[in-house]
Each structure stands twice: as C-alpha cells, then as structure tokens.
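Me: Could you walk me through this chain and tell me what stands behind each label?
Reply: Happy to, let's take a look together.

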Amino acid sequence: MSRTSGTASPKDRFDHLLKVVASERFLKKQGLGNEVPFFICPYPADEAVAMEAMRASLVKQLGNRGVRVIEINLYDLSIALLRDRGIWDEVLAAENSIRKDELKELLQGVLDPETHLVPEIGARLSSEEFDVLFLSGVGEVYPYIRSHNVLNNLQSTAKEKPTVMFFPGKYTHSLATGASLDLFGILHDDKYYRAFDITHYEI
C-alpha cells in the first residue's frame, strides 16, 4: 500500500511515483472500476523546476525497469503544430501588436484539442510502443489550452494505456462543487472528475 500527502517532499513524491507506475496493478489498469486510466500528479507550482528534473529521472528509472514511457509536453507540441501550419512566425510577430484576448482566440482556434491537439497526440501514440503516457507543460499553455479539455478529448484516444498528467496545482474534490483542476492552486474553474489522483493510488 502506498500513498503520499499533498505536503509530500519531492523525494517522497518521486519514490511514490516510481513504485506506482512500475507496478503491475497500475500498468494493467486494475482497480479503476472501468473508468478511463487517467491520473493527475499534482505538485506545488513553485516546484516546477524540481519536477522537470524529477520527471526526467523517473522516465530513465522506469526504462531501466522495462516500463516504456512516451512523454508529450503540451507546450512543445503546440509550437510544433504552429510551425507545421506555417504560422509560428506570424504568431510571434502579432504577439506585441494585438490584444491578449485576440491572441488567446487565435491560439485557441489553431490549437483546439478536439481538432488539432489530440489528433496529433493520437498520431504520436500510434507510432511507437509504450506502456504509459506522461503529459506535461500544462502551466505553460494556459490559458490557450485547458487541461480538462485535453483530458476530455483524450478519452477515446488514450484509453488503452495509463496516462499521467503532471499538474502544477491541486486536484480537489468537494461534495458541493465536485472535482476540479486548480491550476497554480488559485484557478478553480476547470471541472473534471474522471481522473484519479496518483498521489492517492495504492499498490
């Protein structure tokens, strides 16, 4: 049995993640009650730099244990999509000359999860063998891409293998308001309830 608290140290969080993701129970999606195998790994936003290093080490150690991780950074993926569509330079040039709401509308259109982002993730998943998907870069793409929209649209694309989204904030559950992804611990408007908090996953 393994569990970490919201006040866990980075080392405790790393040890827990390594044990969980390397476990047969996790990889075989056991104990999920037929829910999609989506997991949130919340962490304090001020630990973002430490989390980057931890995630890289986690991928390496999991690989040493025979667990194949495919990692997709939403920020890097977004830039790649903008470059592929030939509008990256246009976006950079327009950034200082248009209003923030106009830039947000532009990017939300060309990076729409349903029509652009998730199909590209699906293409990457189908191109290589893997055991678990790591999603990162959530904070960097806000507010153009919302984490709950990504997860909602991924449900039919990434349901065969476990997905772990690294989330700079809190994944809260309340009887009054339901579950929400609270980015940076302060933005309480992304309602999503189908993912499991991996810090509470028991093996």
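Reply: Contact here means heavy atoms within 4.5 Å. Residues 24 or more positions apart account for 77% of the contacts in the chain with a separation of 6 or more. This is a predicted model, where local features need pLDDT of at least 70, side-chain atom pairs count only at pLDDT 80 or more, and totals for chains, interfaces and linings use all residues. Residues are numbered from 1 along each chain as its sequence is written, and side-chain values use heavy atoms, with hydrogens and water left out.

Me: Why are α7 and α9 called roughly perpendicular to each other?
Reply: Helix α7 (residues 113-126) and helix α9 (residues 147-154) pack at an angle of about 65°. Angles of 65 to 115 degrees count as roughly perpendicular, and α7 and α9 therefore earn that label.

Me: What makes the contact of α7 with α9, by class?
Reply: On α7 there are Pro 113, Glu 114, Leu 117, Val 118 and Ile 121, and on α9 Asn 149, Val 150, Asn 153 and Leu 154. By class, that is 6 nonpolar, 2 polar and 1 charged residues. Val, Leu, Ile and Pro count among the nonpolar, Glu among the charged, and residues outside the nonpolar and charged lists as polar.

Me: How do you know that strand β3 is largely enclosed by the rest of the structure?
Reply: Buried means under 20% relative accessible area (1.4 Å probe, protein chains only). In β3 (residues 132-136), 5 of the 5 residues are buried, so the strand is largely enclosed. Val 132, Phe 134 and Ser 136 point one way, Leu 133 and Leu 135 the other.

Definitions and conventions: Axes fitted to C-alpha atoms, helices over the stretch in contact; angles between N-to-C directions. Helix = DSSP H or I, 4+ residues; strand = E, 2+ residues; numbered from the N terminus. Parallel < 35°, antiparallel > 145°, perpendicular 65-115°, else oblique. Buried < 20%, exposed > 50% of the residue type's maximum accessible area, 1.4 Å probe, protein only.
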